[in-house]
Structure formats: structure tokens, C-alpha cells
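This report goes through one protein chain, from its overall make-up to single residues. Please keep the sequence and the structure open while reading.

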Amino acid sequence: MNITKENDAKNIEKFKDFPLNNEIKRGLSELGFKKPLEVQAKVIPMILAGKDLIVKSQTGSGKTAAFAIPLCQKIDVELMSPQVLVLTPTRELTVQVKEDMANIGKYTGLTFCAVYGNQPMDVQRKELKQKPHVIVATPGRMMDHLKNKNVKLQDIKYLVIDEADEMLIMGFKEQIETILKKVPKERVTLLFSATMPDEINHLSREYMNNPENIEIESEVSTIDKIEQIYYAVDGLKKVDFMKKVIEKENPRKAIMFCNTQEQVDNLFEIFKKWDRSTCAVHGGMDQKIRTEKLNAFKKGEYRMLIATDVAARGLHVQGVTHIINYGVPFEPESYIHRIGRTGRVDERGIAITMVIPSEMERFKALEIFLGYEIPCKGGHVDKRQKSESKNRNGKERFKPTNRKGQKALVQFMAGRDNSALKTSDFLTAVRNVEGIYNADIGKVDIRENITTVEIFDGKEGLVINALKTKKIKGKVYRVKKG
Ligand code: AMP
């Protein structure tokens with residue numbers, strides 16, 4: 001596999017230099033796209049040439065149009081049957097990709113459909129029965145439609161796996177593989193990802209046909225356009241401190257990322273009184289409200305959005321000047337996706353992370369992953385907190401925590417009876433997770449084939465991530481948030 005380092009399409013200065021039909025050029029000109037961005041200059045000729053591709057590029061680099069433009073050209077408009085299937089991780093991204101594709105293909109006569117969870121199956125079933133040329137889908141909902149025989153994939157010629165790393169983090173691997181097995185073998189597979197975890201190599205070996213690897217170097221410059229800093233803060237003073245930082249920075253448009261839905265709700269309760277131009281979205285909210293709030297934020301009706309990763313993943317919002325990480329993300333990849341919401345095409349941005357003492361270890365691991373240090377702009381950590389975090393490093397004798405606070409359940413699922421395992425087996429596994437202390441663990445409940453462990457302070461992601469591939473008493477469990 002060769003990595004396209006040089007811009008093979010250097011000579012392509014304008015869209016008119018590509019062999020694209022006039023209908024597509026008209027769509028592009030209406031969108032105001034004058035010249036191809038780097039990812040488009042590299043990817044469009046390869047897709048037109050019918051190659052399988054693995055493209056390392058971030059959202060914000062112009063990757064949607066990079067596949068949408070050549071695919072709109074390639075589809076046979078006369079054949080009334082789905083020919084392109086795009087898989088994306090979230091509902092919002094599904095809707096957005098479908099809209100982007102429909103805008104590019106506005107004058108081609110092609111039809112497009114988005115299917116995603118939390119919307120009535122029946123509405124989507126009717127749309128699918130119309131046999132749209134392009135289906136953009138979340139993997140879970142696509143599987144539901146396949147099970148119900150609402151759609152046939154026998155004419156799919158192009159499968160796009162968008163934000164592959166995000167889909168793997170979100171646990172869609174199995175569904176993606178099932179869908180890959182259901183589409184015709186004679187097809188082109190295009191995989192886009194901001195990072196390249198090992199599982200992507202597996203997917204490419206198993207399901208792709210000698211793919212070309214393309215790396216978009218401007219990714220680095222996208223990151224370069226973002227000033228990244230952090231503040232070390234006392235957990236109890238974090239919100240007040242954040243308000244001061246926001247006052248000082250006075251962002252034109254900011255997204256505050258939280259690790260959990262509860263954090264979004266709590267922060268929103270505080271911020272809506274402080275600054276009325278704040279809105280909030282997370283995966284637990286009604287889809288209609290989520291879409292309304294996001295659209296209002298995009299239009300500038302709100303200046304601050306408080307969100308979980310899921311709700312804001314891959315979104316195009318022009319003019320986001322500030323990203324504020326209320327918590328250090330559990331997955332380093334999420335950090336890249338979060339900060340990529342700012343510093344988009346032709347813009348600069350600033351990404352600020354609030355780090356409390358118990359998150360410092362995770363933050364340092366993030367810096368190792370990124371390969372650079374993020375400068376500290378000061379902060380507020382009092383002595384009591386410092387020593388508390390030091391004490392918590394000791395793995396003293398365990399007593400289940402029975403305290404108030406944000407609590408989540410982590411489920412360990414076994415295919416067969418796991419009741420032979422003892423509480424201590426699960427506790428030992430959880431206590432050995434980096435960054436987990438006794439005070440973070442609550443009750444353990446062992447049932448026939450599901451064991452639940454209570455985890456405090458939004459640390460359930462740490463446990464899930466660490467234990468999803470580790471054996472507990474010789475067995476790997478399916479680990480997920482309960
Ligand atoms: P994406 O990487 O697909 O998330 O796209 C990022 C943003 O770039 C979107 O808002 C697109 O509308 C915009 N965009 C894509 N291609 C071009 C282009 N050739 N010229 C200007 N803007 C573009």
C-alpha cells in the first residue's frame with residue numbers, strides 16, 4: 001500500500017479541471033466551492049478511477065465533498081436502486097452528510113435518504129421503498145432496516161465508512177462487519193478516519209480491495225491553526241473558574257464538551273442563568289429538540305453550546321472560536337475530534353481544557369498520544385485537593401462507595417453463565433484500571449449472565465475502555481455502559 005504524500009493532483013486548481021459533469025459543477029458553484037481543498041484534490045481522481053481508499057483526514061478538511069463529488073458523478077441515475085451506502089457514527093452526522101451530498105447532487109436527478117435511530121422506522125421504511133440512489137445511515141438503524149427487509153443492497157457499488165475511528169469507539173464494529181458482508185463483493189470501499197487504530201487495518205485486510213492510503217498533510221496545519229492550552233483547576237472551583245476564563249476570552253462562538261449527559265445537564269442548569277445565550281445537547285434528549293438546538297446554534301442564535309461528544313461529533317458549524325473541554329475526554333481520539341470543531345476551513349481557533357487533579361494522569365496520557373505538550377496557562381488547585389489526589393493513589397482495602405454524586409453502571413456481559421465468578425474478581429479487574437481508585441467504585445451486582453458495577457465521577461469510560469479487551473478470570477466480557 002503506498003501512501004500518497006505528494007499532491008498528485010497539484011495541477012488541479014479549480015473544480016473545472018476535473019472531468020466532472022456540468023450538473024455537479026453547477027451544484028458546487030451554488031455552494032460557493034471554488035477550488036478543491038487538499039483532500040478533494042487527492043481523493044476525487046482516485047474515486048473516479050474506481051480505487052478502494054483509506055483516507056486519514058479530519059472533519060473540517062472537506063472530506064464529505066471529497067467522496068460526495070465523485071460519487072454523485074459515478075451513480076447511474078437511470079438505475080432506481082441504492083448504489084451508494086454511507087455509514088456514519090451519529091444521527092446528526094447522518095443528516096448532515098445526506099444534506100451535503102444532496103446539495104452537491106442537486107442538479108443530477110439523484111435521490112438521497114438518511115436513516116438513523118430515534119426516528120420512526122415507518123417514515124424511513126417508506127423512504128427506502130422509493131429506492132433512493134444514496135443511503136446515509138447509522139450502522140444500528142441500517143441493521144434494523146435490513147432485518148425488517150425494508151431495503152435491498154444488491155446494487156450497492158460504493159460503500160463509504162465515514163469517521164471509522166469514531167464508529168469503532170462507539171462499538172459499531174460488529175454491525176459494520178455485518179453490513180460489509182451484506183453488500184456485493186464487487187464494490188468500491190472508501191474508509192475515512194481522523195486516526196488509524198489497529199482495528200482499521202483489520203477491516204481493510206478483511207474487506208477492502210488493495211486500498212490506497214492517503215494522508216492529508218493539511219491535517220497538521222488544521223491542528224496548527226488551533227491554539228491549545230489547559231488550566232489545572234480544583235474540582236470544586238471548576239465552574240467558577242471556567243466562567244472567569246470565558247469572561248476573559250469572550251468567545252464569539254464556543255462549544256463546551258462534557259464527558260457525560262449528566263454533566264451537560266448540570267452545567268446547563270448553571271450556565272443558562274449566567275449567560276442566556278447558552279444551549280445544550282446530548283444523546284439522551286429528544287431528537288427534535290437536539291436538531292432544533294443545533295440549528296439555532298449554527299445560525300448564531302446561541303453563542304455557547306454545551307454538548308457530549310456524541311451530539312456534536314463531526315458537525316460543521318462555521319465560526320466556532322473556542323472549544324472548552326469541561327472534562328478531559330476518556331479517549332484521546334475524542335480530543336482530536338472535539339478540537340477539530342474549531343480552526344475549520346480558513347479559520348483559527350482556541351481549545352481550552354480544564355484539568356482537575358484526578359484527571360491529570362489521563363491528561364498526561366493524552367499528551368503522549370498527541371506527541372506534544374499542551375501549555376498550562378495556570379489555574380487554581382488548592383493544597384487540599386492535591387493531597388487528596390495523592391492519597392487516592394494508594395489502593396487501600398476496598399469498601400463499596402456509598403456516596404452521593406454522579407454514578408453510572410458498567411455492565412459486563414457474558415454469553416454464558418458468569419455467576420461462578422466472585423465480586424472480588426470484578427473488583428480486582430476494575431481496581432487495576434489506570435486512574436480508578438477505591439472511592440470511584442460502588443456496588444457490584446452479579447446476575448446470571450450480566451454483572452453490573454457502579455462507577456462514580458464519570459469514570460465509567462476508563463473502565464469500559466480498559467476492560468473491553470482484557471480477560472477477567474480467563475474470559476473477555478462485552479463491557480458497556482448500563
Ligand atoms: P467536512 O470535512 O466534510 O466536515 O467539511 C468541512 C467544511 O468545509 C464544510 O462546511 C464544507 O461545506 C466546507 N467545504 C468543503 N469543501 C469546500 C471547498 N472546496 N471550498 C470551500 N469550503 C468547502
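Two residues are in contact when heavy atoms of theirs lie within 4.5 Å. The model described here is predicted.

## The chain as a whole

The chain has 19 helices and 21 strands. It holds 482 residues, and buried residues make up 55% of them. Among contacts between residues at least 6 apart in sequence, 76% join residues at least 24 apart. The area that the chain exposes is about 22200 Å², and carbon and sulfur atoms supply 49% of that area.

## The nonpolar cores

In soluble globular proteins, nonpolar side chains tend to be buried together. The largest nonpolar core in this chain has 38 residues, and the members that touch the most other members are Val43, Phe67, Ile69, Met101 and Leu190. Helix H3, residues 63–74, gives the most to this core, with 7 residues. Another core lies apart from it and has 29 residues, among them Leu128, Met142, Leu159 and Val183.

What does Ile69 touch, leaving aside its neighbours within four places in sequence? Ile69 is in contact with Phe15, Leu20, Ile24, Leu28, Ile44 and Ile104.

One of these partners, Ile44, can be followed further. Ile44 lies in helix H2, residues 38–48. Is Ile44 buried or exposed? Ile44 counts as buried because its relative accessible area is 0%, and the cut-off for buried is under 20%. Leaving aside neighbours within four places in sequence, Ile44 is in contact with Phe15, Phe18, Ala66, Ile69 and Pro70. Phe15 is thus listed as a contact of Ile69 and also as a contact of Ile44. The C-alpha atoms of Ile44 and Ala68 are 9.0 Å apart in space, while the two residues are 24 apart in sequence.

Helix H3 also holds Thr64. With a relative accessibility of 7%, Thr64 counts as buried. Beyond its neighbours within four places in sequence, Thr64 is in contact with Val97, Asp100 and His316.

## A buried strand residue

Met256 is found in strand E10, residues 254–258. Met256 is buried, with a relative accessible area of 1%. Leaving aside neighbours within four places in sequence, its contacts are Met242, Ile246, Leu267, Phe271, Met304, Leu305, Ile306, Ala307 and Ile324. Met256 and Thr353 are 97 residues apart along the chain, and their C-alpha atoms are separated by 9.6 Å.

## Two packed helices

Two packed helices are described by the angle between their axes and the distance between the axes. The axes of helix H15, residues 332–339, and helix H16, residues 360–370, come within 9 Å and cross at roughly 75 degrees. H15 is therefore roughly perpendicular to H16, because angles of 65 to 115 degrees count as roughly perpendicular.

Which residues make the contact between H15 and H16? H15 supplies Pro332, Glu333, Tyr335 and Ile336, and H16 supplies Leu366, Phe369 and Leu370. By type, the residues of this contact divide into 6 nonpolar, no polar and 1 charged.

## Residues in loops

Lys131 is found in the loop between helix H5 (121–129) and strand E5 (134–137). Its phi is near 55 degrees, a positive value in a residue other than glycine. Lys131 is partly exposed, with a relative accessible area of 44%.

Glu163 lies in the loop between strand E6 (158–161) and helix H7 (164–169). Phi of Glu163 is near 50 degrees, again a positive value in a residue other than glycine. Glu163 is buried, with a relative accessible area of 2%.

Asn150 has its place in the loop between helix H6 (139–147) and E6. Not counting residues up to four places away in sequence, Asn150 touches Met121, Arg125, Leu128, Lys129 and His145. Leu128 is also among the members of the core of 29 residues. Asn150 and Glu127 are 23 residues apart in sequence and 9.6 Å apart in space, from C-alpha to C-alpha.

The table sets out the accessibility of these loop residues.

| Residue | Relative accessible area | Class |
|---|---|---|
| Lys131 | 44% | partly exposed |
| Glu163 | 2% | buried |
| Asn150 | 8% | buried |

Conventions:
Residues numbered from 1 in each chain as written. Predicted model: local features only at pLDDT ≥ 70, side-chain atom pairs only at ≥ 80, totals over all residues. Heavy atoms only, no water. Helix = DSSP H or I, 4+ residues; strand = E, 2+ residues; numbered from the N terminus. Buried < 20%, exposed > 50% of the residue type's maximum accessible area, 1.4 Å probe, protein only. Areas by Shrake-Rupley, 256 points an atom, 1.4 Å probe, with all protein chains shown as cover. Core = buried A, V, L, I, M, F, W, Y, C linked by side-chain atoms within 4.5 Å. Axes fitted to C-alpha atoms, helices over the stretch in contact; angles between N-to-C directions. Parallel < 35°, antiparallel > 145°, perpendicular 65-115°, else oblique. Nonpolar A, V, L, I, M, F, W, Y, C, P; charged D, E, K, R; others polar.
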